[in-house]
Amino acid sequence: MLVLGIETSCDETGVALYDTVDGALAQSIYSQVELHARYGGVVPELASRDHIRKIVPLTTQLLDKAGRTTADLEGVAYTSGPGLIGALMVGATFGRALAYGLDIPAIGVHHLEAHLLAPLIGGADALPPALPFPALLVSGGHTQIFRVHGIGSYELLGESLDDAAGEAFDKAAKMLGLGYPGGPAVAAAAEHGDPERFHFPRPMTDRPGLDMSFSGLKTFTLNTVRRHSPLTDQDVADIARAFEEAVVDTLVIKSRRTVEQTGLDELVIAGGVAANRRLRERLAAALPRVIYPPPALCTDNGAMIAYAGAIRLSAGQTEGLEVTTRARWPLVELGPVAP
Ligand code: KG4
Ligand code: ZN
């Protein structure tokens with residue numbers, strides 16, 4: 001079954017083709033980073049308008065690249081939530097209408113399920129973890145730890161009680177004058193930082209359980225910035241390094257605890273922050289086996305939507321003709337896919 005996946009939940013327009021026999025065929029992505037950079041964050045209305053401009057040419061380009069036409073498509077999957085409602089509406093309306101026009105099934109995909117399943121999309125050396133497995137989802141909007149019992153069956157074990165880890169990276173970047181998106185900018189600045197100069201707290205690691213908190217770290221960063229302003233490039237690098245160390249350390253401690261508590265030692269990590277090199281290295285050193293998607297499949301993309309949609313469409317699940325989008329949508333509300 002050849003499925004077109006469409007991702008428009010935030011500031012990336014992503015489209016991809018996944019075939020249930022041949023695997024991932026092609027993907028195209030357009031990032032709105034430059035559009036939002038001068039505002040220091042995503043402006044929802046601008047995001048929706050830009051998705052509208054890009055969705056059709058990007059899909060045409062994708063089909064050309066893969067040597068396919070719309071007549072080859074057998075299903076359409078689009079992100080239906082959670083995310084920016086206007087942005088979601090663009091991909092969902094386009095996807096649903098395209099499927100209707102082609103008389104093929106459509107499916108609305110949960111963005112976080114797609115992130116979680118991205119490591120399973122496969123490649124030559126990808127060996128999927130055995131079910132159940134623990135998963136750490138670290139994105140711009142969510143920081144959560146799940147026990148994955150099966151596709152569609154997710155048990156929440158712990159989460160950030162305030163800011164998501166990616167959000168903390170973005171806010172720290174803003175305070176340091178590093179621009180948007182913050183994660184990659186902080187990581188790049190941290191490369192030249194002295195890890196010994198500042199020590200930031202590891203929030204909630206002294207308490208039992210798997211919940212986390214990143215808002216205190218944000219305040220700590222702000223106070224450090226104020227104390228040392230005006231900042232030299234070296235100050236920025238040193239603060240970025242201390243901040244990154246603190247977030248990574250906290251995530252590693254909670255991940256190790258997850259493995260100990262569940263007795264399941266193959267940890268999947270997914271979401272934008274999973275692209276962080278230091279986090280990947282530290283987790284690999286701390287745990288028996290860590291499974292993560294390649295960095296391009298960690299951040300938002302159409303391939304993960306095509307893949308998650310293909311699983312549900314192959315199991316016979318389809319959407320009605322209405323277009324449903326949800327700004328908020330807890331992952332635990334999803335139903336399991338029929339075996
Ligand atoms: O999963 P994602 O692309 O979008 C959401 O669903 O939120 O995650 C975006 C988040 C942003 O906060 C971004 O700053 C962060 O992931 N991010 C990173 C890195 N690359 C992206 N954070 C730390 N290090 C990175 N290399
Ligand atoms: Zn995402």
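**Entry 1: Gln144**

I began with Gln144, which I found in strand β7 (residues 143-150); helices (H or I, at least four residues) and strands (E, at least two) are DSSP runs numbered from the N terminus. This is a predicted model, in which I read local features only at pLDDT of at least 70 and side-chain atom pairs only at pLDDT 80 or more, while totals for chains, interfaces and linings use all residues. Residues are numbered from 1 along each chain as its sequence is written, chains are lettered from A and ligands numbered from 1 in the order in which they are written, and side-chain values use heavy atoms, with hydrogens and water left out.

At 11% relative accessibility, Gln144 counts as buried, where buried means under 20% relative accessible area, exposed over 50% and partly exposed in between (1.4 Å probe, protein chains only). I also looked up its spacing to Gly158: the two residues are 14 apart along the chain, and 5.8 Å separates their C-alpha atoms.

**Entry 2: the zinc ion**

Which protein atoms serve as donors of the zinc ion (ligand 2)? I found NE2 of His111, NE2 of His115 and OD of Asp300, lying 2.0 Å from the ion; donors are N, O and S atoms within 2.8 Å of the metal (3.2 Å for Na, K and Ca), and water is not among the atoms, so sites may look incomplete. The site has 4 donor atoms with angles of 94 to 130° among them, and I noted it as tetrahedral, a label that four donors earn if all angles lie between 85 and 135 degrees. Along the chain, the donors of this zinc ion follow the spacing H-x3-H-x184-D.

His111 lies in helix α4 (residues 111-117), whereas Asp300 sits in the loop between α10 (295-298) and α11 (302-314), so this pair ties together parts that are 189 residues apart in sequence. I checked the exposure of these two as well, and both His111 and Asp300 are buried.

**Entry 3: ligand 1**

I then listed the surroundings of ligand 1: there are 19 residues, and the closest are His115, Gly140, Asp170, Gly183 and Gly272; a residue is listed if one of its heavy atoms lies within 4 Å. His115 therefore appears twice in my notes, as a zinc donor and among the closest residues to ligand 1.

For polar atoms, I noted that an oxygen atom of ligand 1 is 2.8 Å from a polar backbone atom of Gly140, and that an oxygen atom of the ligand lies 3.0 Å from a backbone N or O atom of Gly272. A nitrogen atom of ligand 1 lies 3.0 Å from an N or O atom in the side chain of Asn276. Taken alone, ligand 1 exposes 560 Å², and the protein buries 86% of that (Shrake-Rupley method, 1.4 Å probe).

**Entry 4: aromatic pairs**

How many aromatic pairs are there? I counted 4, taking rings of Phe, Tyr and Trp (its six-membered ring) as paired if their centres lie within 6.5 Å, with planes under 30 degrees apart stacked, over 60 edge-to-face and the rest tilted. One of them joins Tyr18 and Tyr307 edge-to-face, at 5.1 Å centre to centre and with 80° between the planes. Tyr18 lies in strand β2 (residues 12-19) and Tyr307 in helix α11, so the pair ties together parts that are 289 residues apart in sequence. Both Tyr18 and Tyr307 are buried.

Phe146 and Tyr154 form another edge-to-face pair, with 6.4 Å between the centres and 65° between the planes, and these two residues are buried as well.

**Entry 5: Glu244**

I placed Glu244 in helix α8 (residues 233-262) and found it buried, with a relative accessible area of 2%. Its side chain makes a polar contact of 2.6 Å with the side chain of Arg278; such a contact is a pair of N or O atoms within 3.5 Å, and within protein one must be able to donate a hydrogen and the other to accept it, while residues adjacent in sequence count only if both atoms are side-chain atoms.

**Entry 6: backbone details**

Most residues other than glycine have a negative phi, and most peptide bonds are trans. I found a cis peptide bond from Gly81 to Pro82, with omega near -15°, and Pro82 lies in the loop between β4 (75-81) and α3 (85-102). A cis peptide bond also joins Ser229 and Pro230, with omega about -5°, and Pro230 lies in the loop between α7 (215-228) and α8.

Asp103, in the loop between α3 and β5 (106-110), has a positive phi near 60° and is exposed, with a relative accessible area of 71%. Met204, in the loop between α6 (182-190) and α7, has a positive phi of about 65° but counts as buried at 15% relative accessibility.

Key:
Tetrahedral: all angles 85-135°; square planar, octahedral: opposite > 155°, others 65-115°.
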